Amino acid sequence: MVDIKSITEELNKSVFRRLSEVADSVGVPCYVVGGYVRDIILGRKSKDIDILVVGSGIDVASRYASTLGKGASLAVFRNFGTAQVKYRGLEVEFVGARKESYSHDSRKPVVEDGTLEDDLNRRDFTINDIAVCLNSDRFGEVSDPFGGISDIEKGIIRTPLDPDTTFSDDPLRMMRAVRFASQLQFEIEGKTLAAISRNASRLKIISGERIIDELNKIMASPRPSVGLRLMERTGLLQLVLPELTALKGVESIDGRGHKDNFLHTLAVLDKVAEKSNNLWLRWGALLHDIGKAVVKRYDKRTGWTFHNHNFVGAKMVSSLFRRLKLPMGDEMKYVRKMVDLHMRPIALVEDEVTDSAVRRLLFDAGKDIDDLMLLCEADITSKNREKVERFLGNFALVRKKLVDIEEKDRIREFQPPVSGEEIMRIFGLPPSKPVGLIKDAIKEAILDGIIPNSYPEAYGYMLRSAAELGLKPVEAAQTETPSDNK
Ligand code: CTP
């Protein structure tokens, strides 16, 4: 029996004492299993508790819920033989020990009741395959048939059975292996890794929702490039995000090459991840150059070009989000904006940093300007130190100007100082083209610094723009020809 101090301390929690009493009273063996045990040993914050019952998980769950009284909610999933109890923010899942087998072309397993050993055999990785007994006569006894504790200590991800069997039972586990490697900074053991490469194409039978869940956990990990490189190496990335693998490699013509845009993308992503936990900014970094594979050209005079890759890349974002089952609302729009605008600050520092260019950047990026600046700074991955320093120096200048101009003109949350309704009322217009022209003229004048962003100045400018279109305010027209307004 292995005794791990962290486990013993954890089991002192009242929830485990209570579960132990319930297990004894129902008279069935009960264990804490899976990610919860792994996370205790790793000292990570654990979330849901998984309880394995050699018998009916539903019976134990019902008894447990009734001992908690009113505040507890019990959900029973008879089809799956599982149940869940929520109490004061804590979720405990109960499952009966099972033996599962899968046919080759289906995710639907044939399930039978099983022993503790059967259940541990059907799980994904040794690190998730440790069970701790809760019954009072064996309270705290650890079952670790595959050496999971030692693998946690060594930082190794390995399947308990032949990896071909484990991955064939549930191909999502290939993504999970990569996810754990990236999230926990563990290594995937050689045989397990080779089996992922061999079985990668089986990921096709897995639903998009389950895949994206794992991919997002990779994206949220400390260095997402670890997971993405593993996905690339095993062939998973080609299946999930072919737009990214299309960026791989360096082509050379007349002795002139370009950078490997896949490796560059990973470097940018890790730099962003060092500074920000915002998942969508990380997605922006991952996708910022996806247009490059599409627009890449070689020109004898200028060499390799990637004209409009930001624009083309931004157009690819919505279909990519739809395909991957990522959220199509504000999150997609934000990522599309990041991809679209990621060249703007750098283009700006290559020219003279004029106030009106900075104002326009503020207008287009709006409240996301700081995220955009972070992405642009991370985008400088050149090895040329002098160039990097020059760019970063210029970015510092842009940042300063952004602050100055925002203080003065408040462009970040730009609202037209004169609304379309007001223009219609003043000039007695129905919704029509001139209303838009006048509104635009005011906005452009503010962005160009011709007038400040204030109501009286905008009002005056509106009168002048309208006059150029031959329009007069209705009230003025009334004074001249009152009968016109009847
Ligand atoms: N499991 C498995 N195969 C899967 C998913 C899960 O064998 N495809 C097993 C593992 O033993 C896992 C347990 O079910 O530990 C619980 O699954 P889940 O809650 O999805 O994962 P965790 O390991 O708890 O990790 P996380 O909470 O980080 O998702």
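Visitor: Which residues does UniProt list for "domain: HD"?

Guide: The unreviewed UniProt entry lists residues 264-347 under that name, and in this predicted model the chain over residues 264-347 is 68% helix and 7% strand, with the end C-alpha atoms 19 Å apart.

Visitor: What makes the contact of Asp124 with Arg176 a salt bridge?

Guide: The closest N and O atoms of Asp124 and Arg176 are 2.8 Å apart, and a salt bridge requires a side-chain nitrogen of Lys or Arg within 4 Å of a carboxyl oxygen of Asp or Glu, so the pair qualifies. The bridge links distant parts of the chain, since Asp124 lies in the loop between α5 (116-121) and β8 (131-133) while Arg176 belongs to helix α8 (residues 172-184), 52 residues apart. Asp124 and Arg176 are also linked with Arg179 and Glu214 in a network of salt bridges.

Visitor: Why is Asp124 called buried?

Guide: Asp124 has a relative accessible area of 6%, and buried means under 20%, so the word applies to Asp124. Its partner Arg176, in contrast, has a relative accessible area of 22%, which falls between the limits of 20% and 50% and therefore counts as partly exposed.

Visitor: How do you know that Asp368 and Lys337 form a salt bridge?

Guide: The N to O distance between the side chains of Asp368 and Lys337 is 3.1 Å, and because the cut-off is 4 Å, the pair is counted as a salt bridge. This pair, too, links distant parts of the chain, with Asp368 in the loop between α20 (355-365) and α21 (369-378) and Lys337 in helix α18 (residues 330-341), 31 residues apart.

Visitor: Is Asp368 buried or exposed, and why?

Guide: Asp368 is buried, because its relative accessible area of 9% is under 20%, whereas Lys337, at 24% relative accessibility, lies between 20% and 50% and so counts as partly exposed.

Visitor: What makes Glu444 and Arg360 a salt bridge?

Guide: The side chains of Glu444 and Arg360 meet with an N to O distance of 2.5 Å, which is within 4 Å and therefore satisfies the criterion. Here the link runs between helix α24 (residues 433-447), which holds Glu444, and helix α20, which holds Arg360, 84 residues apart.

Visitor: Why is Glu444 called partly exposed?

Guide: Glu444 has 31% relative accessibility, between the limits of 20% and 50%, so partly exposed is the fitting term, and Arg360, with a relative accessible area of 25%, is partly exposed for that reason as well.

Visitor: How many salt bridges does a search of the whole structure find?

Guide: The search finds 30 salt bridges.

Definitions and conventions: Residues are numbered from 1 along each chain as its sequence is written. This is a predicted model: local features need pLDDT of at least 70, side-chain atom pairs count only at pLDDT 80 or more; totals for chains, interfaces and linings use all residues. Side-chain values use heavy atoms; hydrogens and water are left out. UniProt positions are given in the numbering used here, feature names are shortened, and annotations may be inferred rather than shown by experiment. Helices (H or I, at least four residues) and strands (E, at least two) are DSSP runs, numbered from the N terminus. Buried means under 20% relative accessible area, exposed over 50%, partly exposed in between (1.4 Å probe, protein chains only).
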